[in-house]
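Me: Please take a close look at one part of this model, the bent helix, and then place it in the rest of the chain. Keep the sentences short.

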Amino acid sequence: MMSKLVNLVILLPIGVVLVLLSVANRQSVTMALNPFNAADTVLSVSAPFFVYIFIAFILGILLGALFAWISQRKYRKTARTSKREAALWRAEADKQKARSTEVSAGKPLDQLPSS
């Protein structure tokens, strides 16, 4: 139910805006990649203007995701360190639990494995 609501409230208006943007910007535009000679046809690309807008939009999303991922590296490092430390503590707790069950079972202390 929640995904249908997300589709209707968020994705539907975005789709309508993208279709309207595409229809309004169908004219072919030439992008010259040679900064010294704009008339050079070797380094130029012709496409409808909405294609350039979509490419800029997608690049913006990808760059934003990349910078967000890079800025969160200290949190990922902390999480990895905490995970390793928790595994060590869990192993130590299991070892102590096994030792306490052996003691409660009545084994003499000199026969218990030393840690």
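Reply: Start with the bend. Helix H1 bends by about 40° at leucine 11. A proline, proline 13, follows within four residues of leucine 11. This is a predicted model, and local features are read where pLDDT is at least 70.

Next, the extent of the helix. H1 covers residues 2-24, which makes 23 residues. From its first C-alpha to its last, H1 reaches 33 Å. That is close to the 33 Å expected at 1.5 Å a residue. So the helix has two descriptors to keep together: a bend of about 40° at leucine 11, and an end-to-end reach close to the expected value, given an expected span of 1.5 Å times one less than the number of residues.

Now the surface. A nonpolar patch of about 1,100 Å² is made by Met2, Leu5, Val6, Leu8, Val9, Ile10, Leu11, Leu12, Ile14, Val16, Leu18 and Leu20. Leu11, where the helix bends, is one of the patch residues. Val6 is another of them, and valine 6 is found in helix H1. Its relative accessible area is 36%, so valine 6 is partly exposed. The cut-offs behind that label are under 20% for buried and over 50% for exposed.

One C-alpha separation takes us from serine 22 to a later helix. Phenylalanine 54 is found in helix H2. Phenylalanine 54 and serine 22 are 32 residues apart in sequence, yet 9.2 Å apart in space, C-alpha to C-alpha. The accessibility of phenylalanine 54 is 23%, which makes this residue partly exposed.

Phenylalanine 54 also has a ring partner. The structure holds 1 aromatic pair. It joins phenylalanine 50 and phenylalanine 54, whose ring centres are 5.7 Å apart. Their planes meet at 70°, so the pair is edge-to-face; the cut-off for that class is over 60 degrees. Both rings belong to H2, residues 49-71. The two residues are 4 apart in that helix, so about one helical turn separates them.

Then the strand. E1 runs over residues 28-32, and serine 28 lies in it. Serine 28 counts as exposed because its relative accessibility is 57%. Its C-alpha is 17 Å from that of aspartate 40, 12 residues apart along the chain. Threonine 30 is found in E1 as well. Threonine 30 is exposed, with a relative accessible area of 51%. Threonine 30 and serine 44 are 14 residues apart in sequence and 6.5 Å apart in space, C-alpha to C-alpha.

Last, helix H3, as a reference for H1. H3 covers residues 73-104. Its 32 residues should span 46 Å at 1.5 Å a residue, and its end C-alpha atoms are 46 Å apart, so the two values agree. The structure holds 1 salt bridge. Glutamate 92 forms it with lysine 95, and the closest N and O atoms are 3.9 Å apart. The cut-off for such a contact is 4 Å. The partners are 3 residues apart in H3, so about one helical turn separates them. Glutamate 92 is partly exposed at 31%. Lysine 95 is partly exposed too, at 44%. Just after H3, glycine 106 takes a positive phi of about 100°.

Back to the part you asked about. The bend sits at leucine 11, with proline 13 following within four residues. Leu11 itself contributes to the nonpolar patch of about 1,100 Å².

Key
Residues numbered from 1 in each chain as written. Predicted model: local features only at pLDDT ≥ 70, side-chain atom pairs only at ≥ 80, totals over all residues. Heavy atoms only, no water. Bend = angle between axes of the 7 residues up to and from the residue. Phe/Tyr/Trp six-rings, centres within 6.5 Å; stacked < 30°, edge-to-face > 60°. Buried < 20%, exposed > 50% of the residue type's maximum accessible area, 1.4 Å probe, protein only. Patch = residues over 30% accessible without salt bridge, like charges linked within 9 Å, V, L, I, M, F, W, Y side chains within 5 Å. Areas by Shrake-Rupley, 256 points an atom, 1.4 Å probe, with all protein chains shown as cover. Salt bridge = Lys/Arg side-chain N within 4 Å of Asp/Glu carboxyl O.
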